[in-house]
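Please open the model in your viewer, with a cartoon representation switched on and a selection tool at hand. The tour goes stop by stop, saying at each one what to select and what is found there.

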Amino acid sequence: MGMEGDGPDGGQPAPRPKASLGERASWRLLLGQVRPHRRVLLLGGLLSLVGSLAGLAMPVMAKRVIDAFGAFGALAGPVLGLSAAVLVGALISAAGRFLLQRMGETIVLDSRRGLVDRILRLTVSDVDRLKPGDLLSRVSSDTTLLRAVCTDALASLVGAVFMFLGAAVMMAIMDGLLLGVTLAVVGLVAVMGVAIAPRIRRASLQAQVALGEMSSMLDRALQAFRTVKASGAEARETAVVGAAAVEARDRGVVVAAWTSLAGIGAWMSVQLAFLAVLGVGGARVASGEMEISALIAFLLYLFYLVSPIGQIIQSLTQIQNGLAAVTRIQEIAAMRTEPAAAPVARAGGEPVGVTFSGVVFRYGEDRPVVHNGVTFEVPAGGMTALVGPSGAGKSTVFGLIERFYEPQEGTIAVGGRDIRDWPLGELRAMLGYVEQDAPVLAGTLRENLVFGAPGVTDDEVARALARTRLDDLVERLPEGLRTPVGHRGILLSGGERQRVAIARALLRRPRLLLLDEATSQLDAVNEMRLREVVAEVARETTVLVIAHRLSTVTGADRIVVMEAGRVRAWGTHDELVAADELYRELAATQFLVSS
Ligand SMILES: Nc1ncnc2c1ncn2[C@@H]1O[C@H](COP(=O)(O)OP(=O)(O)OP(=O)(O)O)[C@@H](O)[C@H]1O
């Protein structure tokens, strides 16, 4: 067997090298997942075989029962033997199937864990281009398909192949000629199966892609749930998700059509083989070459031979679906990942500085240049502010320091050492990073605070809360630190979310705090609190803050002014007001100086 697997390849690279390569690689991947469990597979298969052998004894017993009829002999022995064979066979088969199915569950678990691990280690630049919904669907729905393959299809396939072989051997012993007739018919149908298999795989792949698309469309609507409602776009978004669902249904129907056709093939093989054997065997009984009981026993074996064929075809069509899923799982496995970061304890230690030298960066080959020779220096300790018009490339500076992206030219050094020479885990452990939208994860307030440093003590948490002026909030909350903050921290205000993010970063004891400060969403009181917090933190560590409002940074030790991917000036507030036109303009529009 197994010809359905390598049939379409035919060892020829043309005419669809990509499809056949994909198929072979998918098979290899599927088998690679099974390989570690080959002992269980063998044991399960063996038990199925023993079970089948017990089952195979049945026709022989039946023959003896019939012969006993004819000879008016004792019936009790053969009937008891028959019953025992059926019972033992069923029990052993069930044990074999259980083993195989348990193996399937383990394989799915391994593939889910592996997939999640890989997804979380993908690079930021790759994930920027992927759709979160589609990634989710790969972990949930594609691995579920894999489960169907490993638990049902693979288990049935192994059992059915053993059954088929066992029956073929018994039939060969009984009557070689009739076996030849049977196999000729079965062979014809198998050829049909070979032709159908790749079509099922292709349609199934398209169905899974459509399902992934549907998840990402739904994800898009849920991510912007309030905007969808406020824009009155519910019906339109429902239609968009619905269209993707229709596509998935259509592809599923194609899979169903081909699968039914394969099913007809299996059914035909049973009927045709039965008729052929009845015809040829009947003639031989009529001519006295064969006993009628032998023909009946052979016909019973025929069902043992052809019913696994139905199962084999069904399993192979199911495996085609699984191969489609493996292809999608494999796409993630083929993407580059960051090195697995060994967990690094909180860095602690002296503040460090940052140096950018001639950094040139664009987000993609077809994207505009964002940094066009950025050079500046942030000394260790104190507060340095990055200011400049929107789109100047300020947030990008942070992404580069964290090594979310690699610059095309120039070097970046942290603590006097090129960031490419730092082990990634150590580099990131030195940095505290507060994004512009300061995400808060679902869970309790405490879980959010200790997210970056799970081992911190309650005293440290209390200190971080006091420093970020969150202690009042915690006192007011009904369950204190154990209060759930809701999905994406929706139960907190914008200012609170931001301070939670800062407290989280501080608990890692960073040697350099990167703070992308979206003060625009804060009211005057919150903004002042934040300014106090930042000034306090800057006494202990280096703070590099992206300021969207100059009011927060007038007191900074140094201000770097960026414009259109370059640094145009740096100095203190007073120096810049005196020397830099753009800074003076920015300051004037924000009522910090009279122009
Ligand atoms: N992940 C990304 N992929 C592709 N392009 C991006 C990405 N992030 C930012 N950009 C582009 O890079 C440019 C600089 O963005 P950046 O966020 O660094 O600017 P900024 O100075 O921080 O702006 P703002 O003050 O509005 O936050 C923008 O034109 C933006 O479109």
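**From the annotated spans to the sheet**

Begin with residues 40-62, 68-92, 145-171, 177-197, 255-280 and 292-313, which the unreviewed UniProt entry annotates as "transmembrane region"; bear in mind throughout that this is a predicted model. Of these spans, select residues 255-280, where the chain is 100% helix and 0% strand and the end C-alpha atoms lie 37 Å apart. Then move to residues 292-313, again 100% helix and 0% strand, with 31 Å between the end C-alpha atoms.

Next, select the ligand together with its shell of 13 residues, the closest of which are Y363, S390, K394, S395 and T396. By character, the shell divides into seven polar, three charged and three nonpolar residues. Helix α11, residues 394-401, supplies the largest share of this shell, namely three residues.

Now display the open sheet of six strands, which runs in the order β6-β7-β8-β3-β9-β10 with mixed pairing. Its edge strands are β6 and β10 (566-571), each of which pairs on one side only. Direction ignored, neighbouring strands of this sheet are turned by 15° against each other on average. Keep α11 visible as well, since this helix packs on the sheet, touching β3 (383-387), β6, β7, β8 and β9 (558-563), and its direction makes about 150° with that of β7. Helix α19, residues 581-589, also packs on the sheet, where it touches β3, β9 and β10, and its direction makes about 100° with that of β9.

Zoom in on strand β6, residues 431-434, and show its side chains: which residues point one way and which the other? L431 and Y433 point one way while G432 and V434 point the other, and all are buried. In a regular strand, side chains alternate between the two faces of the sheet. Strand β7, residues 512-517, pairs with β6 in the parallel sense over four bridges. Within that pairing, L431 stands opposite L512, and the bridge partner of G432 is L513.

For the last stop, select V543, which is found in strand β8, residues 542-547. Is V543 buried or exposed? V543 counts as buried because it has 26 C-beta neighbours inside 10 Å, the threshold being 20 or more. Leaving aside neighbours within four places in sequence, V543 is in contact with M383, L513, L515, V534, V537 and A538. Finally, draw a C-alpha to C-alpha distance from V543 to G416, which are 127 residues apart in sequence and 16 Å apart in space.

How values were computed:
Residues numbered from 1 in each chain as written. Predicted model: local features only at pLDDT ≥ 70, side-chain atom pairs only at ≥ 80, totals over all residues. UniProt positions renumbered as here; feature names shortened; annotations may be inferred. Helix = DSSP H or I, 4+ residues; strand = E, 2+ residues; numbered from the N terminus. Near = placed C-beta within 6 Å. Nonpolar A, V, L, I, M, F, W, Y, C, P; charged D, E, K, R; others polar. Buried ≥ 20, exposed ≤ 12 C-beta atoms within 10 Å, placed from the backbone. Contact = placed C-beta atoms within 7 Å. Pairing = 2+ DSSP bridges. Axes fitted to C-alpha atoms, helices over the stretch in contact; angles between N-to-C directions.
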